[in-house]
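Good morning, and thank you for making time for this item. I would like to take you through one structure, beginning with its helices and ending with its pockets. Please have the model open as I speak.

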Amino acid sequence: MASSSPKGYTATQIFLHWAIAALVIFQLIFGDYIKPAYRALQRGTEPAEADLSQANIHVYVGIAVLVLALARLAARFLHGVPAAPAGESNVQKWVASAAHVLLYLVIFLMPVSGMVAWYGGVSLAGQMHETAKPVIILVIALHAAGALWQHFVAKTNVLTRMLRPVRAR
């Protein structure tokens, strides 16, 4: 990991953040289209071609989320992350850290459980994947609310540093 906290995020970190966000939102909106194909496969029947095509889109986008999340985690360890805003309490720092850990966990567990369900036919993994959907929605909402609170109430640069990359030294 970087030895000191950078002043902001790199262009790569920002791209990965927003690409993952867009793909996760896509999955949340269109994710239910996998269900008919998954049910057919569980019954041992051939899914309709259109259902299978839509299911494959969901699966491939999920794999892309996982790959990008791994890249984002690597970038986090390689480049570091900016320090918490000055004056932030220990409770605020703990909440922010806990929210990020939970966000990373869900972003990793959703694709993994989905792949185990789809490729491995493990029903429990499919149930876990489906159960995690409201969790990821809640975590994303809290993450966005926290960023907006930092920007509009606390008047910090937390939000803007995820919009503009730090300039090279």
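Let me begin with helix H4. Its 31 residues, at 1.5 Å a residue, should span 45 Å, and the C-alpha atoms at its ends are 43 Å apart, which agrees. I should say at once that this is a predicted model, and that the values I quote are computed from it.

Which residues of H4 are buried? They are Leu103, Tyr104, Val106, Ile107, Phe108, Met110, Pro111, Ser113, Gly114, Ala117 and Trp118. The partners against which these buried residues pack are H1, H2, H3 and H5. After H4 comes Gly121, with a positive phi near 65°.

Helix H3 can be described in a parallel way. It has 31 residues, for which 1.5 Å a residue gives an expected span of 45 Å; the end C-alpha atoms lie 44 Å apart, and this agrees. The buried residues of H3 are Ala55, His58, Val59, Val61, Gly62, Val65, Leu66, Leu68, Ala69, Arg72 and Ala75. They pack against H1, H2, H4 and H5. Just after H3 sits Gly80, where phi is positive, at about 80°.

I turn now to the aromatic residues. How many aromatic pairs are there? The count comes to three. One of them joins Phe26 and Phe30: the ring centres are 4.9 Å apart and the planes make an angle of 45°, a tilted arrangement. Both residues belong to helix H1, and the four residues that separate them amount to about one turn of the helix. Are these two side chains buried, partly exposed or exposed? Phe26 has a relative accessibility of 30% and therefore counts as partly exposed. Phe30, with a relative accessible area of 37%, is also partly exposed.

A second pair is formed by Tyr104 and Phe108. Their ring centres are 6.3 Å apart and their planes meet at 20°, so this pair is stacked. In sequence, Tyr104 and Phe108 are four residues apart within helix H4, and so about one helical turn separates them. As for accessibility, Tyr104 is buried, at a relative accessible area of 14%. Phe108 is likewise buried, because its relative accessibility is 17% and the cut-off for that class is under 20%. Finally on this topic, Phe26, Phe30 and Tyr33 make up one aromatic cluster.

Next, a residue in the segment after H5: Arg161. Is Arg161 buried or exposed? With a relative accessibility of 12%, Arg161 counts as buried. Which residues does Arg161 contact, once neighbours within four places in sequence are set aside? The contacts are Tyr9, Ile14, Pro82 and Ala83. Please also look at Thr10: in sequence Arg161 and Thr10 are 151 residues apart, while their C-alpha atoms are 9.3 Å apart in space.

That leaves the pockets. The largest pocket holds about 1300 Å³ of space. It is lined by 42 residues, and those closest to its centre are Ala96, His100, His143, Ala147 and Val158. Helices H1 (11–30), H3 (49–79), H4 (90–120) and H5 (123–152) are the elements that contribute two or more residues to this lining. Which of them gives the most? That is H4, with twelve residues. Sorted by class, the lining of the largest pocket comprises 30 nonpolar, seven polar and five charged residues.

The second largest pocket contains about 590 Å³ of space. Its lining consists of 30 residues, and Ile34, His58, Gly114, His129 and Glu130 lie nearest its centre. Two of those names have already come up: His58 among the buried residues of H3, and Gly114 among the buried residues of H4. At least two lining residues come from each of H1, H2 (35–43), H3, H4 and H5. H4 again supplies the largest share, here eight residues. By class, this second lining divides into 15 nonpolar, ten polar and five charged residues.

To close, I would draw your attention back to helix H4. Its buried residues pack against H1, H2, H3 and H5, it carries the stacked pair of Tyr104 and Phe108, and it gives the most residues to the lining of the largest pocket as well as the largest share to that of the second largest. Thank you.

Conventions. Residues numbered from 1 in each chain as written. Predicted model: local features only at pLDDT ≥ 70, side-chain atom pairs only at ≥ 80, totals over all residues. Heavy atoms only, no water. 1 Å grid on protein atoms, 1.4 Å probe; cavity = no way out; pocket = protein on both sides within 12 Å on 5 of 7 lines; lining within 4 Å. Points joined across faces, edges and corners; volume = space filled by probe spheres on them. Nonpolar A, V, L, I, M, F, W, Y, C, P; charged D, E, K, R; others polar. Phe/Tyr/Trp six-rings, centres within 6.5 Å; stacked < 30°, edge-to-face > 60°. Buried < 20%, exposed > 50% of the residue type's maximum accessible area, 1.4 Å probe, protein only. Expected span 1.5 Å × (residues − 1). Contact = heavy atoms within 4.5 Å.
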